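Visitor: I am new to this, so please take me slowly through one part: the contact between chain A and chain B.

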There are 2 protein chains.
Amino acid sequence: MSRLINQQILLKNYPIAEPQESDFALVETELPELGESEILNRTIYLSLDPYIRGRMSDRASYATPAELGKVMVGSTVSQVVKSNHPKFSVGDFVVGYDGWQSYGISKGETLRKLDPNQVPLSYALGITGMPGMTAYFALLDIGKPKAGETVVVSAASGAVGAVVGQIAKIKGCRAVGIVGSEEKCKYVVDELGFDACINRKTQDLSAALKATCPHGIDVYVDHTAGPILEAVLQQINLGARIPLVGLISQYNAEKLPPGPNLMPLLVKRALIRGVLVGDYQERHAEFIKDVSLWLQAGKLKYREDIVQGLEAAPSAFIGLLQGKNFGKLIVQVSDDPTKK
Amino acid sequence: MSRLINQQILLKNYPIAEPQESDFALVETELPELGESEILNRTIYLSLDPYIRGRMSDRASYATPAELGKVMVGSTVSQVVKSNHPKFSVGDFVVGYDGWQSYGISKGETLRKLDPNQVPLSYALGITGMPGMTAYFALLDIGKPKAGETVVVSAASGAVGAVVGQIAKIKGCRAVGIVGSEEKCKYVVDELGFDACINRKTQDLSAALKATCPHGIDVYVDHTAGPILEAVLQQINLGARIPLVGLISQYNAEKLPPGPNLMPLLVKRALIRGVLVGDYQERHAEFIKDVSLWLQAGKLKYREDIVQGLEAAPSAFIGLLQGKNFGKLIVQVSDDPTKK
């Protein structure tokens, strides 16, 4: 039997800004003989997702960069056409990570079998696959929406966003989407059942958020991390949760945008959370008990920078903002009768 | 008895960038007679803290703006000199919020009595007061440091930072400070017992963080939100926690710095957290069960945008990054035998 021809799309260059067709190369290669325990899959469906742009770069992302000259990466739904593996048989449908090629060879480690009678095969790349699962856990595990709260999601007609908003509705929340066209807006509201949707290309985002989120924003599932996040932040409620699932606004950026780049939060699944001491008033005793013990035991040291006289307060305060004080800055306004 | 004279420092203007002495006015006023249930306090100590700069502005912050022409705000330690209040007696020492003046009149709601025999009175403005309590809960409640982890804190010789680092040491962590002078560096290491300290004015912050945090950064208590946060983010570990307690880098800024302004996170005690679906692999069944049920019940709708042929992948992908797709973007690479 003659060898099969494999069509492959290779990464030719790391794109500088937006990828161009010339950054890809379509080649045809002969498939090698199958080795021990190997499986040959015919690709039926290939998933295209924004995160792939992050891998077409030697900048740090949450996965190792795609290699130049190698097959572009991506999730696939395939059918097994040859198998030397005891667990996979010819005809099986599988979801895997074979990339942009018409055939993939693997040892089965990353393959999961699909039941073709449940939902269409391609769903395993979307709503019952990685994007759907991202939506599910980002919203429920990090966003923790409560009935009656307002959930906003960007890229709301996309594979993740559409699921976020619909689960928000299932959980009894108000769901508001942000999209880039009128057609998508209509779809999100009329078909998916979101309460409202904002077209960021034609509407003033801040005004539209105010109008569609009259009680503020409790959860924002963010795909962008740029000006959309900035606008949403202005209208978040006390204790809001912002699961960050993508940074589309900067994937194509030639130079990273100024300001704190939040990519490491995604890469490291880390969190930034605002803290105000006023929220802990009822736990004051806990604090005083520990700190008093540590002070008495000499485990805590404390230094004060005391300036004399109320009239010295303005210049001391100006210096504080320049880092000129050394220790806790205090103004002694009048005599302390407990000090000799 | 002649009325007492009260020295007061008023806010004259909202400063544009760094406050100037001319933004303050020192005045002397006669104190009014005490009303019913009122207490007259003689200010002994006044606390100067960076957050006050945030209130000298009509920009949104976590407290209402200080009013022009009114007494500057601030925490105070005082002694009661007259009292019409049953719970406070002449001679009592109290901590309160009387502001920048030599006498304060209050109804006692915000006053807490101090025992002068425990720790020096002024400590109630620092280590046993609001800054110490901020450090305690920011580190322990949000930072959740585990023994062996690395805790970094900016403004490390300050009222909050010094306590953060010392509690980190008590909890068995590596503590690394960031400060603005050699003298503060020495103090933080030699007196407070931090493992290392970085002088951000003379050292390259990224290189110094690498050298002093060889196992990466697990907790960063952030006072600044500017370039220091940016540098720390580059070296955080998986699952890092960043309690945000201040934004010193932008308090004096004439124009807000570009990029997402994180002030709302502080104001609203909100959180941003990166999410990667890979972390939830062992909960895949939970997701599939819910989503399948919702799909069957018609509660979840799903739209695909299927392009034909592997060779169409590059242009479809380029369009995806421009938001041109509508629904989950899939490339059909070969026939799907389950579809008629």
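**Where chain A meets chain B**

Guide: Over all chains, the structure holds 20 salt bridges (a side-chain nitrogen of Lys or Arg within 4 Å of a carboxyl oxygen of Asp or Glu). This is a predicted model, where local features need pLDDT of at least 70 and side-chain atom pairs count only at pLDDT 80 or more, while totals for chains, interfaces and linings use all residues. Residues are numbered from 1 along each chain as its sequence is written, chains are lettered from A and ligands numbered from 1 in the order in which they are written, and side-chain values use heavy atoms, without hydrogens and water.

Now to the contact itself. Chain A brings 140 residues and chain B 141, with contact meaning heavy atoms within 4.5 Å. Together they bury about 13300 Å², 68% of it on carbon and sulfur atoms; buried area is the accessible area (1.4 Å probe) that two parts lose on being put together, summed over both.

Between chain A and chain B the count is 6 salt bridges. One of them joins B:Lys328 to A:Asp49, at 3.0 Å from N to O. B:Lys328 sits in strand S15 (residues 328-332) of chain B, and A:Asp49 in the loop between strand S3 (39-47) and helix H1 (51-55) of chain A. Helices (H or I, at least four residues) and strands (E, at least two) are DSSP runs, numbered from the N terminus. A:Lys328 and B:Asp49 also form a salt bridge, with their closest N and O atoms 3.0 Å apart.

Next, look at the helices. Helix H9 (residues 284-296) of chain A packs against helix H2 (residues 130-143) of chain B at about 100°, axes 10 Å apart. Axes are lines fitted to C-alpha atoms, for helices over the stretch in contact, and angles run from 0 to 180 degrees between N-to-C directions. H9(A) is therefore roughly perpendicular to H2(B), a label for 65 to 115 degrees (under 35 is roughly parallel, over 145 roughly antiparallel, the rest oblique). Among the residues of H9(A) that meet H2(B) are A:Phe287 and A:Trp294, and H2(B) offers residues including B:Tyr136 and B:Phe137.

Helix H2 (residues 130-143) of chain A and helix H9 (residues 284-296) of chain B also pack at about 100°, with axes 10 Å apart. Contact residues there include A:Met133 of H2(A) and B:Val291 of H9(B).
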